[in-house]
Amino acid sequence: AIGLLKLWTVPNNPEQSYKLFRSFIYITHMQQARCYETAINLWRRLRSQPAGLTMGVLYWQLNDIAPFASWSSYDYGGRWKPLAYAVKRMYAPLQAQVIQEGNYTKVFVVNDHIVPVTIAVNM
C-alpha cells in the first residue's frame, strides 16, 4: 500500500474520492471486456485452422453473488456490465474481425451458421 501512495495521491475530498473510485471501476471493467474480446476472438478464428486445436470458448463468472466490484459480467441486481455487452458481440453467429499487423490489414470472418456466406470487403 505504501508503494501505491507514492504513485497516486489520495484526494482529501470525499466526493472527489468517490468519483475517482467510480472511474477506476469503469476503466477496469472496460479493460476486462477488451481482454476477453482479444482472447475470445483469437480462439474463434483458430477454430477453423487445423493447428488451432480449439472448438469453443467459455468464460468464467457470469454473475455476482453479492453487491461488490468483481470480474463478473452481470452485477448483483442482474444489470449488464461492459463485459456482457462485449460477449454478446463476440459470440454473434456471423462476425467480421479486422486485425492490423504492421503494414498489413487482415480480415477474418467467423461463421457459426450451417451454410457458407459470401462477404465483400471494400478497402
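This passage walks through a predicted model of one protein chain, from its confidence to its nonpolar groups and its salt bridges.

Start with how far the prediction trusts itself. The mean pLDDT of the protein chain comes out at 85, and 94% of the residues get to 70 or more. That confidence isn't spread evenly: helix H1, residues 2–7, sits lowest with a mean of 66, while helix H3, residues 82–90, sits highest at 93.

Next comes the inside. In soluble globular proteins, nonpolar side chains tend to be buried together. Here, the largest nonpolar core has 7 residues in all: Ala33, Ile40, Val57, Leu83, Ala86, Val87 and Met90. Two elements, helix H2 (14–46) and H3, each hand over two or more residues to this core. H3 is the top contributor, with 4 residues. Val57 is a handy member to look at up close. Leaving out residues up to four places away in sequence, Val57 touches Ile40, Trp43 and Tyr91. Of those, Ile40 is itself listed in the core.

Not everything nonpolar is tucked away, though. A nonpolar patch of about 700 Å² lies on the surface, built from Leu94, Val98, Val107, Val109, Val117, Ile119, Val121 and Met123. Strand S1 (94–101) and strand S2 (104–111) both chip in, each with at least two residues of the patch. Met123, for its part, belongs to the segment after S2. Met123 counts as exposed because its relative accessibility is 78%, and the cut-off for exposed is over 50%. Ala120 is found in the segment after S2 too, and Ala120 is also exposed, with a relative accessible area of 70%. For a sense of distance, Ala120 and Arg47 are 73 residues apart in sequence, and their C-alpha atoms are 22 Å apart in space.

Now for the charged residues. Side chains of opposite charge can pair when their charged atoms come close. Searching the whole structure turns up 7 salt bridges. One of them joins the side chains of Asp112 and Arg44, at 2.4 Å from N to O. This pair links distant parts of the chain, with Asp112 in the segment after S2, Arg44 in helix H2, and their positions 68 residues apart. The two partners don't sit in the same kind of surroundings: Asp112 is partly exposed, with a relative accessible area of 36%, whereas Arg44 counts as buried at 7% relative accessibility.

Another salt bridge pairs Asp64 with Lys81, whose closest N and O atoms are 3.3 Å apart. Both residues lie in the loop between H2 and H3, so the pair ties together parts that are 17 residues apart in sequence. Asp64 is buried, with a relative accessible area of 4%, and Lys81 is buried as well, at 7% relative accessibility. Buried means under 20% here, so both partners make the cut.

A further salt bridge brings together the side chains of Asp75 and Arg79, at 2.7 Å from N to O. In this pair, Asp75 counts as buried at 16% relative accessibility, but Arg79 is exposed, with a relative accessible area of 59%. Salt bridges can also share partners, and in that way Arg44, Arg47 and Asp112 are joined into one network.

Conventions. Residues are numbered from 1 along each chain as its sequence is written. This is a predicted model: local features need pLDDT of at least 70, side-chain atom pairs count only at pLDDT 80 or more; totals for chains, interfaces and linings use all residues. Side-chain values use heavy atoms; hydrogens and water are left out. pLDDT is the predictor's confidence in each residue, from 0 to 100. Patches are made of residues with over 30% relative accessible area and no salt bridge: like charges are joined within 9 Å, nonpolar side chains (Val, Leu, Ile, Met, Phe, Trp, Tyr) within 5 Å. Accessible areas come from the Shrake-Rupley method with a 1.4 Å probe; for residues, only the protein chains shown count as cover. A salt bridge is a side-chain nitrogen of Lys or Arg within 4 Å of a carboxyl oxygen of Asp or Glu. Buried means under 20% relative accessible area, exposed over 50%, partly exposed in between (1.4 Å probe, protein chains only). A nonpolar core is a set of buried Ala, Val, Leu, Ile, Met, Phe, Trp, Tyr and Cys residues joined through side-chain atoms within 4.5 Å. Contact means heavy atoms within 4.5 Å.
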